[in-house]
Amino acid sequence: IRKELAARMPERMTPPEGSFMGELRPFQQEGLAFLMQHERCLLADEMGLGKTVQALACLAATGDMPALLVVPPHLVRNWEAETKRFLRVDGGEPRVHVIRGLKPYDLPQAEVYIIHYLLLRGWKRILPEMGFRAVVFDEIQELRRAGTEKYSAASLLAEKTERVIGLSGTPIYNRGAEIWNVVNILDFHCLGDWESFTREWCDGYGNHIVRDPALLGAHLRREGLILRRTKREVLSELPPKRRLVQEIDSDDKVYRELMKPVMELLGSLKALHPDAKERALLEERAAAGERQATGVAKAPFVAAFVRALLDSGEKVLLFAHHHAVMDIYKKELASYKPVFITGRETGAQKEQAVSRFMGGERDLCVISLRAASGLNLQRASCVVFGELDWSPAVHSQAEDRAHRMGQQDSILCYYLVAPQGSDRDMQDALGLKVSQFVQLMGDRTPDMQDVQYAQGAAKKHIERMLSRYEEGL
C-alpha cells in the first residue's frame, strides 16, 4: 500500500496557499512530497537542510492538527518560534502551547503542543488519549535506547497517532538495536521483531551489529521509511553562505542573579544629571554587564546546540565574546576536546590550535569574536555565534574564517539569540530576523563608519535599558 500510494503522488509538493509562510527549495518540496506519501517515516537530511521547515510544511499541507512536537529541551523555544512563523491557521498564527513540568494538568486549546523528551514519562498516560492527529519526534535518535520510561511513553504515543514523523540528521545504522528501536517507534515491527531482525540483518541471533549498514539503509529507503539528503547532493540549490537566526533558551535564574549589579548601575544612572562626567563610564559598565549576563545564561544551551552539530559530523567554529562564557563552553564540551583562540593563548598555542583544527585532530574551535582576524579555518562546515557583537562587519569577518576562497561547501552560520537581555537589540542592530537573514551586513572589515554604527546602536540599547528599568520600578 505504501509503495502504491507513493507511485500516485507528485515528486514535489507545496503547501496550500495561506497555510504556510515560507518558500521551499526544490529539494524541500521533494521532502514534503515524501512526508505526504508516507504517514510514518524518518526525514534524515543532514543538519542545515531545513528538516524543521519541511515538517511544518507537512502539517500545513495535511492540516493534521492538533499536533504534538516532541523535541530536545534546548530546542523548545526555537520550535515555538518556527511554528508561529511558518504555520497559518484561519489566516493567523496557530495557537501553540508549551507543556511544562512532569505533573499533568488540563491543557488549553491549541493547534500545536510542544513537549521535551525529559517530560514524556510524566505525561505517559495522558498524551496518547489527547487525540493528536500528528506527532513529530525531532532528533529521534533520543529514542535509540528501549527500556526507558521515555521510550515507553513515546511508543504509546506513536501507537495512538496516525501520522508519525521522525527527524534526525544522524541516522544510526551501525548498531542494530538502535536503528531497530528508532524505526520501531515510527512503524511497529516494520523490520520484524527483534529476534527476526537480528537474524536477517545482524551477525546472528541477538547480535547488535548490523552486518551491512548500506544494504539496510537501501532497504529502508526502498520501503519509504527514510529519506536522507546530504549537503553535497543539493549543493547546487544552496547559496555559498547561509545565515540562520535561531532562538535558544537561557537560564532565567542565572540571568536575574547576574543582572542585580546591573540594575544598581541603572538606578545610579537615573539619578545622574544628563551631562555628568561619570555617565559614559556607568553606561558602558551597565551595557557590558547585561551583555555578559545574556551570554552566561544561555551558554549551556549554546553548548547543547553545538553538541548536536558535532554529533552530526559537522566541523564547528564557535564564537563568543566573554571569557566567562568560553569557560562554560570548555566545561560543557570537554569531551570533544575543543581548541581555543581567545586572546589568552601564546602565539605558539594559537598556531597549535589552528593546526589541530585544520589537520582534523579536533572538530571544534572556540574563538573570541575580536580575535578572528587573519585566521584561515576553511575546514569548518558551520559557524556558530554563541554571543553577538554590535558590529556587523565583525560578524562578517568571523564568518570569513570559514568561508574562504576555494571553499566548496555551503557554509551555515548560526546566530543563537536568547529571548531576554541584550540579544534582541543586537539582533535588530545587525539586521537579523528570526529564521531568515536579510542581507544588510556588509562583507567587509571594520572601518570607522562601522565603529560609529556599532557605538550608535550600543547607545540606543542603553536608552532602552533605562526605559525598561523605569517601567520595572
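Colleague: What span should the 33 residues of helix H10 (residues 279–311) have, and how far apart are its end C-alpha atoms?

Modeller: The expected span is 1.5 Å times one less than the number of residues. For the 33 residues of H10 that gives 48 Å, and the end C-alpha atoms are 47 Å apart, so the two values agree. Helices here are DSSP runs of H or I with at least four residues, strands are runs of E with at least two, and both are numbered from the N terminus.

This is a predicted model, in which local features need pLDDT of at least 70 and side-chain atom pairs count only at pLDDT 80 or more, while totals for chains, interfaces and linings use all residues. Residues are numbered from 1 along each chain as its sequence is written, and side-chain values use heavy atoms, with hydrogens and water left out.

Colleague: Where in H10 is there a kink?

Modeller: Look at Ala299, shortly before the proline Pro300, where the kink is about 50 degrees. That bend is the angle between axes fitted to the seven residues ending there and the seven starting there. Just after H10, you can also find Gly313, with a positive phi of about 90 degrees.

Colleague: Is Arg243 buried or exposed, and how do you know?

Modeller: Its relative accessible area is 10%. Buried means under 20%, exposed over 50%, and partly exposed in between (1.4 Å probe, protein chains only). Arg243 is therefore buried. You will find Arg243 in strand E8 (residues 241–247).

Colleague: What makes Asp249 and Arg77 a salt bridge?

Modeller: A salt bridge needs a side-chain nitrogen of Lys or Arg within 4 Å of a carboxyl oxygen of Asp or Glu. The N to O distance for Asp249 and Arg77 is 3.1 Å, and the pair counts as a salt bridge. Asp249 sits in the loop between E8 and helix H9 (252–271) and Arg77 in helix H4 (residues 76–86), so the pair ties together parts 172 residues apart in sequence. Asp249 is buried at 16% relative accessibility, whereas Arg77, at 23%, is partly exposed.

Colleague: How many salt bridges does a search of the whole structure find?

Modeller: It finds 20. Among them is the bridge between Asp327 and Arg344, at 2.9 Å from N to O. Asp327 belongs to helix H11 (residues 323–332) and Arg344 to the loop between strand E10 (339–341) and helix H12 (347–358), so this pair links parts 17 residues apart in sequence.

Colleague: Why is Asp327 called partly exposed?

Modeller: Because its relative accessibility is 38%, it counts as partly exposed.
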